[in-house]
Amino acid sequence: QVQLVESGGGLVQAGDSLRLSCAASGGTFSSYVMGWFRQAPGKEREFVAQMFWSGGSTNYADSVKGRFTISRDNAKNTVYLQMNSLKPEDTAVYYCAARRVFGVEFDYWGQGTQVTVSS
């Protein structure tokens, strides 16, 4: 069973950086797409970024393009989300997710980690 555990959230000021980690286990992740999503209070969950584990192809939401970077460490089975130039509107619970390459929906989700950006 695939398990995803996020870490690295916290309280930062606008303009600061933060790196989230997602430790993945229980799967052969070379055949997965890994994603980051976020949900702000009173809003729907939204896509942030994704990466094809094999090959490293990435996609980003327009709101984070140029500021956030998704990456992976194959040896550690860990996916990262480097967040730079943080803004108050980036405040949300951030979730790591995984789906099989030929799947449609993200099937596996972490418990989430809170990121709060103060102005």
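**Figure 1. Overall view of the chain, with its long-range contacts and its strands.** Among contacts in the chain between residues at least 6 apart in sequence, 54% join residues at least 24 apart, a contact being a pair with heavy atoms within 4.5 Å. The model is a predicted one, in which local features need pLDDT of at least 70 and side-chain atom pairs count only at pLDDT 80 or more, while totals for chains, interfaces and linings use all residues. Residues are numbered from 1 along each chain as its sequence is written, and side-chain values use heavy atoms, with hydrogens and water left out. The secondary structure comprises 0 helices and 11 strands, where helices (H or I, at least four residues) and strands (E, at least two) are DSSP runs numbered from the N terminus. The radius of gyration of the chain is 13 Å, close to the 14 Å that the globule rule gives for 119 residues, so the chain is as compact as a globular protein of that length; the radius is taken over C-alpha atoms, and the rule is 2.2 Å times the number of residues to the power 0.38. Along the principal axes, the C-alpha atoms fill a box of roughly 40 × 25 × 25 Å.

**Figure 2. Surface and charges of the chain.** Of the 119 residues, 43% count as buried, with buried meaning under 20% relative accessible area, exposed over 50%, and partly exposed in between (1.4 Å probe, protein chains only). The chain exposes about 6,200 Å², of which carbon and sulfur atoms supply 46%; these areas come from the Shrake-Rupley method with a 1.4 Å probe. The mean positions of the 11 positive and 10 negative charges lie 5 Å apart, where Lys and Arg count as positive and Asp and Glu as negative, with His and the chain ends not counted. Each charge is placed at NZ of Lys, CZ of Arg, CG of Asp or CD of Glu.

**Figure 3. Close-up of strand 8 and the two strands that flank it in this view.** Because 5 of the 6 residues of strand 8 (residues 78–83) are buried, this strand is largely enclosed by the rest of the structure. Strand 3 (residues 18–25) runs antiparallel to strand 8 and is joined to it by 6 bridges, two strands being paired if DSSP finds at least two bridges between them. Within that pairing, Ser21 has Tyr80 of strand 8 as its bridge partner. Strand 7 (residues 68–73) is likewise joined to strand 8 by 6 bridges in an antiparallel arrangement, and Phe68 stands opposite Met83 of strand 8.

**Figure 4. Close-up of two loop residues with positive phi, Asn77 and Ser85.** Strand 7 and strand 8 form a hairpin with 4 residues between them, and Asn77 in the turn has a positive phi of about 50°. Asn77 is partly exposed, with a relative accessible area of 26%. In the loop between strand 8 and strand 9 lies Ser85, which also has a positive phi of about 50° although it is not a glycine. Ser85 is partly exposed, at a relative accessible area of 41%.

**Figure 5. Close-up of strand 9 and its pairings.** Strand 9 (residues 92–100) is mostly covered, with 7 of its 9 residues buried. Strand 4 (residues 32–39) is joined to strand 9 by 8 bridges, and the two run antiparallel; in this pairing, Phe37 has Tyr95 as its bridge partner. Strand 11 (residues 113–118) is antiparallel to strand 9 and shares 3 bridges with it, Val93 being partnered with Gln114 of strand 11. Strand 10 (residues 108–109) is also antiparallel to strand 9, with 2 bridges between them, and Ala97 has Trp109 of strand 10 as its bridge partner.

**Figure 6. Close-up of Gly110 and Thr28, two loop residues.** Gly110 lies in the loop between strand 10 and strand 11, and is buried, with a relative accessible area of 12%. Not counting residues up to four places away in sequence, Gly110 touches Leu4, Glu6, Tyr95 and Cys96. The C-alpha atoms of Gly110 and Ala24 are separated by 9.2 Å, although these residues are 86 apart along the chain. Thr28, in the loop between strand 3 and strand 4, counts as exposed at 55% relative accessibility. Thr28 and Arg100 are 72 residues apart in sequence, and their C-alpha atoms are 9.6 Å apart in space.
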